Amino acid sequence: MSYHMLWNCIPEHFYKKDNDIECVILSPEFSGLFFRFGVLYNLREMMIIDKYFMQRAIELAAIGQGKTNPNPLVGAVIVKDNRIIGEGFHEKPGGAHAEVNAFLSATEPVEGATIYVTLEPCAHYGKTPPCADMIIEKGIKRVVVGIKDPNPLVAGKGIQKLFDAGISVDVGILAEECQKQNEVFLKFIIEKKPYVILKAGMSLDGKVATTSGESQWITSKAARAHVHQLRNNYKGIMVGIDTVIADNPLLTCRIQGGRNPIRIIVDSRLRIPIDAKVLDTQNESKTIIATTHLADSEKIKALQGMGVDIIVTKSINGRVNLESLMTILGEKDIDSILLEGGPTLNYSALESGIVDKVMIYMAPMLIGGKSSKTAVEGEGIRKLSDAIQLEEISCRPMDKDILLEGYIMRQSTFANKNKGGG
């Protein structure tokens, strides 16, 4: 029996609806037991079981990290008599969807079973046939969905098709977890712009380098290994020209079997040295340089001859227009960017409103020094009321360091005086 059919059997004071994630929150006073048509149901037990199998679907979806962009991470589990008889996940763009892989792995007939899927099954023809049609054809009795797919080609159509076929459909099991897992996709499919994560490593007093400029290494080996996992997960990595000149980084992923991100250099005047490592290793990873009309045309041709993709954006005060750059990168199917910029680019990115999430690795040390660089510099703000606020803050240990994560509050009133970077 579908949850949305059950609410009519429960006194209203025992629950409340959360329309944002399309689920129902039960009151602690509700035992979960009730009768309908002479049958005793235990709703709490049903929800515990559903969460268990949806959690497994989420774990499967995570295996696809760094491999499915710009497609979503999706996992599927087929259950019969409370036993998993098939499971799968979306492995790569153009490849079989999670539901299809779950059916292919089934160890027994799936007719009459329940399928748990983290994202709404598609109902349209793309590179693969509609998953909703296959679910109907296979004789699945019940479908449990984590979240709806906001893709305009789906957007509830898959759920409606299943419901019209007489299949019981429940939406919203572990919805928050499913949303967070696909936060990149959920932004990109609607806005067609990359999801941007600002990452920085610093001391407890906010310093990213000493007074002499030494910065390797403030954070622990475990924290740096985690950063390389992020480089694998996200499609692009972006830095400013000052970082390239000062550190001459490769900006690659150094984990076994990992994927190198597309390197994006913000360089308004095209000051990048021709012998920079990010240019000499085009066979390892593609490099994009975002510049302005201030760039030397002959140098543009030389870099293009080396295989570098040059993007000339509109400029703001002689700097790259970061908002315009995000639109162009989105058109190139770059759905996510790990921003490892220096203090100036970080400020510009925050000021322009392109940052979605902040990840700060804090090391248990104090550096001090008026001239020591901090993670965010630029012009700064004059009033605390204009500061960029973060929400949904989380904290976890990373060896001896601490990783702080938070999401930008879009109602922040930070003044947009200068939206350029690099």
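In strand 7, valine 117 is the bridge partner of alanine 76. Strand 7 (residues 114–119) and strand 5 (residues 75–80) are joined by four bridges and run antiparallel. Helices (H or I, at least four residues) and strands (E, at least two) are DSSP runs numbered from the N terminus, and two strands pair if DSSP finds at least two bridges between them.

This is a predicted model, in which local features need pLDDT of at least 70, side-chain atom pairs count only at pLDDT 80 or more, and totals for chains, interfaces and linings use all residues. Residues are numbered from 1 along each chain as its sequence is written, and side-chain values use heavy atoms, with hydrogens and water left out.

The predictor's confidence in each residue is given as pLDDT, from 0 to 100. Its mean over the protein chain is 87, and 87% of the residues reach 70 or more. Over residues 1–41 pLDDT stays under 50, and the model has 83 contacts beyond four places in sequence for them. A contact means heavy atoms within 4.5 Å.

The protein chain has 13 helices and 21 strands. Of its 422 residues, 52% are buried; buried means under 20% relative accessible area, exposed over 50%, and partly exposed in between (1.4 Å probe, protein chains only).

**Sheets**

Strands 5 and 7 belong to an open sheet of five strands with the order 6-5-7-8-9 and mixed pairing. Its edge strands, strand 6 (83–89) and strand 9 (168–171), each pair on one side only. The twist averages 15° from one strand to the next. For such angles, axes are lines fitted to C-alpha atoms, for helices over the stretch in contact, and angles run from 0 to 180 degrees between N-to-C directions.

Another open sheet has nine strands in the order 14-13-12-11-17-10-18-20-19, again with mixed pairing. Strand 14 and strand 19 (390–398) each have a single partner strand, so one side of each is left without a neighbour in the sheet. Neighbouring strands here are turned by 20° against each other on average, direction ignored. Helix 7 (residues 183–191) packs on this sheet, touching strands 10, 17, 18 and 20, and its direction makes about 140° with that of strand 10 (195–203).

Three strand pairs are set out below.

| Strands | Sense | Bridges |
|---|---|---|
| 5 (residues 75–80) and 7 (residues 114–119) | antiparallel | four |
| 12 (residues 262–266) and 13 | parallel | four |
| 13 (residues 287–291) and 14 (residues 309–312) | parallel | four |

Isoleucine 288 in strand 13 is the bridge partner of isoleucine 264, while isoleucine 289 has isoleucine 310 of strand 14 as its partner. From strand 13 the chain crosses through helix 11 (residues 297–305) to strand 14 in a right-handed β-α-β crossover; right-handed means that, with the strands pointing away from the viewer, the path from the first strand over the helix to the second runs clockwise.

**Cores and a buried helix**

A nonpolar core is a set of buried Ala, Val, Leu, Ile, Met, Phe, Trp, Tyr and Cys residues joined through side-chain atoms within 4.5 Å. The largest has 39 residues, of which Met54, Ile78, Ile115, Ile135, Ile140 and Val143 touch the most other members. Helix 2 (residues 43–62) gives the most to this core, with five residues. A second, separate core of 30 residues includes Ile262, Val266, Ala290 and Met362.

Helix 13 (residues 343–352) is largely enclosed by the rest of the structure, because nine of its 10 residues are buried. Among them are Pro343, Tyr347 and Glu351. Glycine 353, with a positive phi near 85°, follows helix 13.
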